[in-house]
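Visitor: I've got a structure on screen and a few things to ask about it. Could you walk me through the picture?

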Amino acid sequence: MSITRVRISAVLAAGALAAGLAGCAASTTGTAPSGSASAGTGAEKLSGTLTVYAAASLKSTFTKIASEFEDANPGAKVTLNFAGSSDLVTQITQGVPADVFASADTKNMAKLSDAKLIDGTATNFATNVLEIAVPPANPASITSFADLAKPGAKVVVCAPQVPCGSATEKVEKATGTTLKPVSEESSVTDVLGKVTSGEADAGLVYVTDVKTAGDKVKGIPFSESDQAVNTYPIATMGSSKNKELAKAFLAMVTGNEGRKVLSDAGFGTP
């Protein structure tokens, strides 16, 4: 073989090797999950502690979402505070620090918006409706919303200022039914607790609470619940010291991951 032909062969071989290496690199990049690179960058940037105030009815879902958020952002720590929405609003307006607030109704979120305590406008992310919760044996034989007004029935509801209490009042007005509860609680989880402990014959809670309680209670749906659909908004706080982290958490709640967790728990879409 001549020297010229050897040189041409070498050049062609080098070109083929370079093309092969380029092809391997392109193939490796193409097989990576579309969000993996940005997620890795986000995980490096997002760090610190995030304080989230959320309605009591969001306890199971937000606990799961917070866990997923921490898994996606190893440098982040989410601290959750659950209570009745009205109680949380009181705490925030009194200066207790929070980065994110999720309410069980738009009315309580509006209080913070009117006080200029949130960033921009709140985002609606879920809906919920009432359901009657009774002990598994249903000792008072409750089968409808009207049955809650039966003499002798020990019924527990949320206080009027709490979203579930406000929804109860709306159904009462829509149906012309007047309830005489033995107690009014500051959160929907407190109402559920009265039922599961046997202190009440029935309680008005959310569909999602009945589902979360499992076999501890029996749920009784009623058609009149559609008279009081609660819309859940979420917002970042203007005083947040880690707004990037707060916005990322809000994005997870309103994104595909959050919607799946909420849907699985029985929440509707806004």
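Guide: Sure, and a term to start with: a nonpolar core is a set of buried Ala, Val, Leu, Ile, Met, Phe, Trp, Tyr and Cys residues joined through side-chain atoms within 4.5 Å. Keep in mind that this model is predicted.

Visitor: Okay, how many residues does the largest nonpolar core have?
Guide: Those with the most contacts inside it include Leu-58, Phe-62, Phe-125 and Phe-249. Counting the whole set, the largest core has 64 residues.

Visitor: And which helix gives the largest share of this core?
Guide: The share in question is 6 residues. They come from residues 243-254, which is helix H9.

Visitor: Which residues does Leu-148 contact, leaving aside neighbours within four places in sequence?
Guide: Leu-148 is itself among the residues with the most contacts inside the largest core. With those sequence neighbours set aside, its partners are Ile-132, Ile-142, Ala-153, Val-155, Leu-179, Ala-202 and Leu-204.

Visitor: How many residues are in the other core?
Guide: This one lies apart from the largest core. Tyr-53, Val-89, Ala-98 and Leu-112 are among its members, and the count is 12 residues.

Visitor: On to the sheet: which strands are at the edges?
Guide: The sheet is open, with 5 strands in the order S2-S1-S3-S10-S4 and mixed pairing. An edge strand here pairs on one side only, and that holds for S2 (75-83) and S4 (123-128).

Visitor: Which residue stands opposite Ala-102?
Guide: Strand S3 (residues 100-102) pairs with S10 (residues 230-236) in the antiparallel sense, over 3 bridges. Across from Ala-102, in S10, is Ile-234.

Notes: Residues are numbered from 1 along each chain as its sequence is written. This is a predicted model: local features need pLDDT of at least 70, side-chain atom pairs count only at pLDDT 80 or more; totals for chains, interfaces and linings use all residues. Side-chain values use heavy atoms; hydrogens and water are left out. Two strands pair if DSSP finds at least two bridges between them. Helices (H or I, at least four residues) and strands (E, at least two) are DSSP runs, numbered from the N terminus. Buried means under 20% relative accessible area, exposed over 50%, partly exposed in between (1.4 Å probe, protein chains only). Contact means heavy atoms within 4.5 Å.
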